[in-house]
Amino acid sequence: MITSKYFKEEEFQKCTPSCSLQDMDQEFMNLLDALREGAGIPLVLNCAYRSPAWEKSKGRSGSGDHPQAKAVDIRCNDSTNRFKILRAAYKLGIKRIGIAKTYIHIGAGSNLPTQVAWMY
Ligand SMILES: [Zn+2]
């Protein structure tokens, strides 16, 4: 059973695509709980687990952070919260970060480039 201190099952069901806390990797959820604690602000999930089939339907490889159950996209629309999330992510040694205007991707997938931060 996958557990999380801060993130509830309903939050995963509201994601696009809808998923479950039980789809996630436990180690990644521990990291995400630590990120929530470090950032000190509520983290709203836009997206978490995505199946390989979903990924392929969007023209992606199907082997990225999300289908590995080791990623979330966190809603973020303002510079102060963006700073807090990024500062906490760096402190925790998170090595795959994507920054979009309205969200931040936090990833810890295997067999992917590390120490990377990209824009959308
Ligand atoms: Zn993402």
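Which residue stands opposite Ile99 in strand 4? The tour returns to this point after a visit to the metal site. Please note that the model is predicted.

**The zinc ion.** Begin by selecting the zinc ion together with His66, Asp73 and His105. These residues coordinate the zinc ion through NE2 of His66, OD of Asp73 and ND1 of His105, at 2.0 Å. Along the sequence, the donor residues follow the spacing H-x6-D-x31-H. Asp73 belongs to strand 2 (residues 71–75) and His105 to strand 4 (residues 103–107), so this pair ties together parts that lie 32 residues apart in sequence. Asp73 and His105 are both buried.

**Strand 4.** Next, select residues 103–107, which make up strand 4. Is this strand mostly covered or mostly uncovered? Strand 4 is mostly covered, with five of its five residues buried. The cover extends to both faces: Tyr103, His105 and Gly107 are buried on one side, and Ile104 and Ile106 are buried on the other.

**Strand 2 beside strand 4.** Add residues 71–75, the extent of strand 2. Strand 2 and strand 4 run antiparallel and are joined by five bridges. To inspect one position of this pairing, select Ala71, which stands opposite Gly107 in strand 4.

**Strand 3 and the hairpin.** Finally, select residues 96–99, which form strand 3. Strand 3 pairs with strand 4 in the antiparallel sense over four bridges. The two strands form a hairpin, and three residues lie between them. Here the opening question is resolved: the residue of strand 4 that stands opposite Ile99 is Ile104. Ile104 is also one of the buried residues of strand 4.

How values were computed:
Residues are numbered from 1 along each chain as its sequence is written. This is a predicted model: local features need pLDDT of at least 70, side-chain atom pairs count only at pLDDT 80 or more; totals for chains, interfaces and linings use all residues. Side-chain values use heavy atoms; hydrogens and water are left out. Donors are N, O and S atoms within 2.8 Å of the metal (3.2 Å for Na, K and Ca); water is not among the atoms, so sites may look incomplete. Buried means under 20% relative accessible area, exposed over 50%, partly exposed in between (1.4 Å probe, protein chains only). Two strands pair if DSSP finds at least two bridges between them.
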